[in-house]
Every structure is written in structure tokens, then in C-alpha cells.
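Work through the exercises below with the sequence and the model side by side, and try each task before you read its solution.

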Amino acid sequence: MLRFSFFLIFLFWQCQPSQVQETYRFDPITVSQYPISAPPAFPQSFFPESAKFIQSSEFKTSHIHTKEAFLLLETDESLADLQKRIDLRASQGDWKLIEKNTKDTEVFYLLEGYIKKSLSISLTSHGKTNQMRFYFKKHSTY
């Protein structure tokens, strides 16, 4: 029994959950777990530098145009730094801040872009890490 205990310890030590990218494509829909990069519909300037992508999904009307998209990411940046980043980016003019709601550990943003695009951002504090959820929707056909 003792000789097998080393083997069992080695086996259980190697059995840790890995964060390997998984991508599933169904004709117009793409769903990714731990994606390498964000869907191209999202403006990259809203993302923190230390972002870890957890989940994304994308609905396209054709191979190029994204109709709806979702992204979940984690970061070590503070909630105040994330709010400053979004407020600064919204003040640059191409995304107009429509609404901002603040609750205990959550902040919600609603932004409007050119050609009938909307972007919703949810910031949630989880102790040392913060989660950001992005929702993108294009309301026009071009």
C-alpha cells in the first residue's frame, strides 16, 4: 500500500484544473472559454492592461459584422482605477455615456456609439480581483 501512495500523490498533484482555451462555433455564434483575445467588436481601450479573459460569446450576422457580443474578464486593478479608465474613455467623444449607476460593490455603465451601437459595462468587486462584464449590441444593419 505504501508503494502506491507515492503514485497516488503524484497523480492527484497533477490533477489541477487547467485554463485551456475552448472554442465552440455554431454557424453565426462563437462561444469561448478562456479566450486568448477579446471579440473585435469591443474597443480595446476599455480593457485594463492586466486583463485575464474568462469567457466570451459573439453573434455575427455575417462573417465580418458582429450583431451582439459578451465578454467576462478579471483584473487586479482597483475599482477606482477601472472607473477612471472608463470615464476617461467615455469623455473622448466616440462613446457617449448615457447612464452610470453605482451600488455597494458594483458599478454599471451604459454607453452609446456611432451608427446605433450600445455598450454596457458592469464592474464587480470580489476582494482582491475585480470582474468586468461587457455587453455589445449593434442596432443597425450596416
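The exercises that follow concern a predicted model, and they move from the sheet to single residues and then to charged pairs.

**Exercise 1. The order of the strands**

Determine in which order the strands of the open sheet lie, and which strands form its edges.

Solution. Begin with the sheet as a whole: it is open, has eight strands with antiparallel pairing, and follows the order β1-β2-β3-β4-β8-β7-β6-β5. Next, look for strands that pair on one side only, which are the edge strands β1 (22–26) and β5. Then consider how the strands lie against each other: neighbouring strands of this sheet are turned by 10 degrees on average, direction ignored. Finally, add the helix α2 (residues 79–90), which packs on the sheet and touches β4 (66–75), β5, β6, β7 and β8 (129–138), while its direction makes about 165 degrees with that of β7.

**Exercise 2. Strand β6 and its two partners**

Describe how strand β6 (residues 106–113) is joined to β5 and to β7, and sort its residues by face.

Solution. Take the β5 side first, where seven bridges join strand β5 (residues 95–102) to β6 in an antiparallel arrangement, and where a hairpin of three connecting residues leads from β5 to β6. Two opposite pairs can be found here, since L97 stands opposite L111 and K100 has Y109 as its bridge partner. On the other side, β6 pairs with strand β7 (residues 117–126) over eight bridges, again in the antiparallel sense, and E112 stands opposite S118. This second connection is also a hairpin with three residues between the strands, and I115 in its turn has a positive phi of about 55 degrees. The last step is to sort the faces: V107, Y109, L111 and G113 belong to the covered face, whereas E106, F108, L110 and E112 belong to the uncovered one.

**Exercise 3. The surroundings of A69**

Decide whether A69 is buried or exposed, and find what touches this residue.

Solution. First locate A69, which has its place in strand β4. Its relative accessible area is 6%, and because buried means under 20%, A69 is buried. Then list its contacts, leaving out residues up to four places away in sequence: A69 touches A41, F42, S57, E58, F134, Y135 and F136. Compare also distance along the chain with distance in space, for A69 and F59 are ten residues apart in sequence, yet their C-alpha atoms are 6.1 Å apart.

**Exercise 4. Charged pairs**

Among the five salt bridges, examine K52 with E74, E68 with K137, and D87 with K100, and state which elements each pair links.

Solution. Start from a general idea: side chains of opposite charge can pair when their charged atoms come close. For K52 and E74, the closest N and O atoms are 4.0 Å apart; K52 lies in strand β3 (residues 52–60) and E74 in strand β4, so the pair ties together parts that are 22 residues apart in sequence. For E68 and K137, the closest N and O atoms are 3.6 Å apart; E68 lies in strand β4 and K137 in strand β8, so this pair ties together parts that are 69 residues apart in sequence. For D87 and K100, the N to O distance is 3.4 Å, and the pair links helix α2 with strand β5 across 13 residues. As a final step, check accessibility in this last pair: D87 counts as partly exposed at 30%, and K100 is partly exposed at 36%.

Methods
Residues are numbered from 1 along each chain as its sequence is written. This is a predicted model: local features need pLDDT of at least 70, side-chain atom pairs count only at pLDDT 80 or more; totals for chains, interfaces and linings use all residues. Side-chain values use heavy atoms; hydrogens and water are left out. Buried means under 20% relative accessible area, exposed over 50%, partly exposed in between (1.4 Å probe, protein chains only). Helices (H or I, at least four residues) and strands (E, at least two) are DSSP runs, numbered from the N terminus. Two strands pair if DSSP finds at least two bridges between them. Axes are lines fitted to C-alpha atoms, for helices over the stretch in contact, and angles run from 0 to 180 degrees between N-to-C directions. Contact means heavy atoms within 4.5 Å. A salt bridge is a side-chain nitrogen of Lys or Arg within 4 Å of a carboxyl oxygen of Asp or Glu.
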